[in-house]
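Work through the following exercises with the structure open beside you, and try each task before you read its solution.

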Amino acid sequence: MLLTGLSDAAAAALAAMRVLGEFREPFSISKLEIFMTASIGISISAAGSTPDELLRDADTALYRAKIEGKARYVMFDEGMKTQVSNKLRLESDLRRSLDAGELTLHYQPEVDIKTGRILGFEALARWPQADGSFIEPAEFIPIAEETGLIVPLGAWVLETACRQMAAWRTSDRRLRHLVMGVNVSPRQLQDSDQLVEQIRRNLRRSRLRPSALRIELTESTILGDDPQMAERLHRLKELGVGVAIDDFGTGYSSLTYLTRLAPDCIKIDRSFVSDIDTHEDKAAIVGALLSLGQRLGIDVTAEGVETKAEARLLESLGCTRAQGYLFYRPLEAEAAEACLLAGLSR
């Protein structure tokens, strides 16, 4: 849209709000009401601006509007050029690295909080760089989600983690209790047929028992308004794999959902565990969640345990399973195996 005769940016924003307002009303097509949303990017002409530059800047602002959640408008500013350029470069590099098999998995142990015995692992994708550093997952996972790269990335994580866990469990009969947790994104879960087939195929190829695999989903994913969520989770559980709710306590935390979806495990978010020894309210919440899990027959794991004081208080509250830097940081496969062997020797 080319708007002329406007006095300033505020007038352009007002016009954009009017357009968005029109989209709040449904479109009638073949007696059906279709609801749509719009994202709008705005660029303001300046002295010397060319049509191509105006379109490019509006498109950049539109890209930002979509990133920020759609159904909104964004006004272009010069700082967006660098941000969008960096994002596009990161997306291109991630696609190339994924195709070249350059990503790796680290494994963070989950332990018995009293004995330190390793009960299982959570598989975590890592993106190494040429200089030995790593790009933080918080930086590249959202891009993978947005672009759809999370689907092939998730498939690779699932395959690699299953193969690794099968190798560990078969190397020594004393390791047959281990369970591998694999995070699954909302985008992967949308196509439940494909996800179920991927899990079934990887279990078969790796000869891993279904009970040795646990699918982990964030609370916001599993406790949303999706009416098909219960059916999707039921299909996963029919395979014999476990289902865990990650980051529990940060979203809806509906007890109704817990009873209806029947997860095997909830992982208490680190925000409730951090400094729990000095915050009575946190201790009360965690204690209630532990009691709830025990009554419902659901395993409860405390995430983000970093101090001995936190671990002692969690243990006094009845927590038996924990994960965090106090025990182990995420480890490369070789280091994780060394920890397992050291545990066996003890």
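**Exercise 1. Are α5 and α7 roughly parallel or roughly antiparallel to each other?**

The model is predicted, so local features need pLDDT of at least 70 and side-chain atom pairs count only at pLDDT 80 or more, while totals for chains, interfaces and linings use all residues. Residues are numbered from 1 along each chain as its sequence is written, and side-chain values use heavy atoms, with hydrogens and water left out.

Step 1. Locate helix α5 at residues 150-171 and helix α7 at residues 192-206; helices (H or I, at least four residues) and strands (E, at least two) are DSSP runs, numbered from the N terminus.

Step 2. Two packed helices are described by the angle between their axes and the distance between the axes. Here the angle is about 25 degrees and the axes lie 9 Å apart, where axes are lines fitted to C-alpha atoms, for helices over the stretch in contact, and angles run from 0 to 180 degrees between N-to-C directions.

Step 3. Angles under 35 degrees count as roughly parallel, over 145 as roughly antiparallel, 65 to 115 as roughly perpendicular and the rest as oblique. Therefore α5 and α7 are roughly parallel to each other.

Step 4. Find the residues that make the contact (heavy atoms within 4.5 Å): α5 contributes V151, A155, L158, E159, C162, R163 and A166, and α7 contributes Q194, Q198, I199, N202 and S206.

**Exercise 2. Determine whether Q188 is buried or exposed, and list what Q188 touches.**

Step 1. Place Q188 in helix α6, which covers residues 186-190.

Step 2. Apply the cut-offs: buried means under 20% relative accessible area, exposed over 50%, and partly exposed in between (1.4 Å probe, protein chains only). Because its relative accessible area is 9%, Q188 is buried.

Step 3. Leaving aside residues up to four places away in sequence, Q188 touches I150, V151, G154, A155, N183 and L195.

**Exercise 3. Describe the phi angles and surroundings of K31 and R207.**

Step 1. Most residues other than glycine have a negative phi. In K31, however, phi is near 70 degrees, a positive value in a residue other than glycine, and in R207 phi is likewise positive, near 60 degrees.

Step 2. K31 lies in the loop between β1 (27-29) and β2 (32-34), whereas R207 is found in the loop between α7 and β9 (213-218).

Step 3. With a relative accessible area of 85%, K31 is exposed, and R207 also counts as exposed, at 77% relative accessibility.
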